[in-house]
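Student: Before we go through this structure, could we agree that each label has to be argued from a value and a cut-off?
Tutor: Agreed; let us look at it and take the labels in turn.

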Amino acid sequence: MTIERQQVGQRMSRIVKHNGIIYLCGQVCKDATKDITEQTMTMLDKVDELLLEAGSSREHMLSATIYLNTMADFSAMNAVWDAWVPQGHAPARACVEAAMARPELLVEISVVAVER
């Protein structure tokens with residue numbers, strides 16, 4: 001049983017790989033002063049970067065858990081999500097309202113994928 005950790009910090013690894021499964025730590029936007037659309041777009045850009053680094057892609061996602069600061073942003077977030085997820089490759093997904101680490105953060109995602 002091999003566990004590979006990448007970008008390891010004190011509290012978490014950004015990528016953990018085990019038996020061909022890739023686990024990404026929670027990802028947030030690049031600029032928390034932006035609106036939900038921009039925050040979602042840049043958050044998903046970071047997911048793309050990490051999946052590529054881990055040897056995967058959005059077509060290989062198994063599941064995604066999305067955390068919203070308020071469900072009032074659900075439709076706007078989904079508009080970005082729906083354009084980002086490749087048709088026919090939607091992962092299992094949950095979306096919940098949650099308190100964020102910082103109040104200006106509107107959205108966060110955690111992703112599980114498989115290696116290509």
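Student: Why is Lys 17 called buried?
Tutor: In this predicted model, Lys 17 has a relative accessible area of 13%, and because the term buried is reserved for values under 20%, Lys 17 is called buried.

Student: Which residues is Lys 17 in contact with, once its neighbours within four places in sequence are left aside?
Tutor: Lys 17, which is found in strand β2, is in contact with Thr 2, Ile 3, Glu 4, Gln 6, Ile 22, Ala 54 and Glu 115.

Student: What makes the approach of the Lys 17 side chain to the side chain of Glu 115 a polar contact?
Tutor: The distance given for this pair of side chains is 2.9 Å, and since the cut-off for a pair of N or O atoms, one able to donate a hydrogen and the other to accept it, is within 3.5 Å, the pair counts as a polar contact.

Student: How do you know that β1 and β2 are paired?
Tutor: Strand β1 (residues 3–8) and strand β2 (residues 13–18) run antiparallel and are joined by five bridges, and because pairing requires at least two bridges, the two strands qualify as paired. One of the partnerships is that of Arg 5 with Val 16 in β2, and a hairpin of four residues leads from β1 to β2.

Student: What makes β2 and β3 a pair as well?
Tutor: Between β2 and strand β3 (residues 21–24) there are four bridges in the antiparallel sense, which satisfies the requirement of at least two. Val 16 has Tyr 23 as its bridge partner in β3, and in the hairpin of these strands, with two residues between them, Asn 19 takes a positive phi near 50 degrees.

Student: Why is Ala 94 called partly exposed?
Tutor: Ala 94, found in strand β5 (residues 92–97), has a relative accessible area of 33%; because buried means under 20% and exposed means over 50%, this value falls in between, and Ala 94 is therefore partly exposed. Leaving aside neighbours within four places in sequence, Ala 94 is in contact with Ala 64, Thr 65 and Ile 66.

Student: Which residues have the most contacts inside the largest nonpolar core?
Tutor: That core has 25 residues, and those with the most contacts inside it are Leu 24, Ile 66, Met 77, Trp 81, Ile 109 and Val 111. The element that gives the most to this core is α1, with seven residues.

Technical notes. Residues numbered from 1 in each chain as written. Predicted model: local features only at pLDDT ≥ 70, side-chain atom pairs only at ≥ 80, totals over all residues. Heavy atoms only, no water. Buried < 20%, exposed > 50% of the residue type's maximum accessible area, 1.4 Å probe, protein only. Contact = heavy atoms within 4.5 Å. Core = buried A, V, L, I, M, F, W, Y, C linked by side-chain atoms within 4.5 Å.
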